[in-house]
Amino acid sequence: MSEKKYSFIIPVKEINDYIRGSIPKLLSLSGDDFEILIYPDEETDDTWPKTRQIETGSVGPAQKRNLAIRDAQGEILIFIDDDAYPRDDFLEILGKDFEDKDIVAVGGPAITPKESNFWQRVSGATFLSSLSGGFPERYRSVGKKRFLADWPSVNLSIRKNVFEELNGFGGDYWPGEDTKLGFDLLTKKNVMILYDPELIVYHHRREGLVKHVKQISAYGLHRGFFAKRYSKTSFNWRYFMPSLFVLFIFVGGALSFFSKIFLQLYILGWIIYFVALLNAFYDIYRHEKNILVTLAASYYIFLTHIFYGLRFIQGFVFTKELKSKLR
């Protein structure tokens, strides 16, 4: 019998300021029916109540999370990142979701916290519009509860017995281990992940354009590879749109030199894009209420489309086998 109902699972390269700030927020959650497992490369002298550090050596986040099969006492595994923390009512909402015995996994949005600095807010705001993120429900509360086949592991909970039956996160992918888990749930268990818009965690974003672009590029490469390898969950037209935009820029631009009709179509395409960008600007401003953050996010959106699109093509067309690299 499990001694706890919930186990928070936090993979981390090293104990850092983010996790030192998030642990007290986790400990402030009501109830004594949870534990916190932190998986750093090397254990430190830091100690907290209800918390265990378990040294792993230099392995990826997927391998660290899989150790929960061995170590966790909770019936429900709650996967969360070191730079994220749950809202105060998180366990109350999660408990209600799992009252239904047919619910196997639950995910919710990861919202940029108010205490974030300007450039972190810009990075987070980039994903608030459908034009930029494709799935704004991952970054803000949108709509009603529904079932989805793919959900990020920054806010993903699953019954431990099912996770164990699936042998955890299959493969060594990162990012993308969560996509593989969603694929396994669908194909091996014939179940999907419940999206609950009220199950909120707050997630700090990458600070600065370079870090943002590196993260987006990694997402694009992995998603392109998954679109051909795990098509049941990743062959979605929204994932292809940035690559089509990149092809429009370069191929359409070249053809516009040879035909007046192509030139007119090329200009029309740019007009449509900028109208869509204005709509994204409006969406972001409604949530951010900050004109400077919204302007900077609009610039980020364009670069996100370029870098994600190029790397998606690389993953979809040219990558025969993908080996993730820690960043």
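This passage looks at a helix packing contact, the aromatic pairs around it, and a loop serine in a predicted model.

Two packed helices are described by the angle between their axes and the distance between the axes. For helix 11 (residues 237-255) and helix 13 (residues 291-318), the axes come within 7 Å and cross at roughly 100°. Since the range for roughly perpendicular runs from 65 to 115 degrees, helix 11 and helix 13 are therefore roughly perpendicular to each other. On the helix 11 side, the contact is made by Tyr239, Phe240, Pro242, Ser243, Phe245, Val246, Leu247 and Ile249. Helix 13 brings in Phe302, His305, Ile306, Tyr308, Gly309, Leu310, Phe312, Ile313 and Phe316. Sorted by class, that makes 14 nonpolar and 3 polar residues, with no charged ones in the contact of helix 11 with helix 13.

Aromatic side chains come up again once rings are paired: the count comes to 31 aromatic pairs. One of these is Phe245 with Tyr273, a stacked pair with 4.2 Å centre to centre and 15° between the planes. Phe245 belongs to helix 11 and Tyr273 to helix 12 (residues 260-288), so this pair ties together parts that are 28 residues apart in sequence. Phe245 has a relative accessible area of 10% and so counts as buried; Tyr273, at 8%, is buried too. Tyr273 also pairs with Trp270, this time edge-to-face, at 6.0 Å centre to centre and 85° between the planes. Because Trp270 and Tyr273 are 3 residues apart in helix 12, about one helical turn separates them. Put together with further rings, Phe245, Phe248, Tyr266, Trp270, Tyr273, Phe274 and Phe302 form one aromatic cluster. Two of its members, Phe245 and Phe302, also turn up in the contact between helix 11 and helix 13.

Rings also sit under charges. The charged end of Lys25 is placed over the ring of Tyr85, 4.8 Å from the ring centre. Likewise, Arg138 has its charged end over the ring of Phe135, 4.7 Å from the centre of that ring.

That leaves the serine. Ser141 is in the loop between helix 6 (130-133) and strand 8 (146-148). With a relative accessible area of 34%, Ser141 falls between the buried and exposed limits and is therefore partly exposed. Setting aside neighbours within four places in sequence, Ser141 is in contact with Pro109, Ile111, Tyr195, Pro197 and Ile200. As for Tyr308, one of the helix 13 contact residues, its C-alpha atom is separated from that of Ser141 by 24 Å, with the two positions 167 residues apart along the chain.

Conventions
Residues are numbered from 1 along each chain as its sequence is written. This is a predicted model: local features need pLDDT of at least 70, side-chain atom pairs count only at pLDDT 80 or more; totals for chains, interfaces and linings use all residues. Side-chain values use heavy atoms; hydrogens and water are left out. Axes are lines fitted to C-alpha atoms, for helices over the stretch in contact, and angles run from 0 to 180 degrees between N-to-C directions. Helices (H or I, at least four residues) and strands (E, at least two) are DSSP runs, numbered from the N terminus. Angles under 35 degrees count as roughly parallel, over 145 as roughly antiparallel, 65 to 115 as roughly perpendicular and the rest as oblique. Contact means heavy atoms within 4.5 Å. Ala, Val, Leu, Ile, Met, Phe, Trp, Tyr, Cys and Pro count as nonpolar, Asp, Glu, Lys and Arg as charged, and the others, Gly among them, as polar. Rings of Phe, Tyr and Trp (its six-membered ring) pair if their centres lie within 6.5 Å; planes under 30 degrees apart count as stacked, over 60 as edge-to-face and the rest as tilted. Buried means under 20% relative accessible area, exposed over 50%, partly exposed in between (1.4 Å probe, protein chains only). A charge sits over a ring if NZ of Lys or CZ of Arg is within 6 Å of the ring centre and within 35 degrees of the ring normal.
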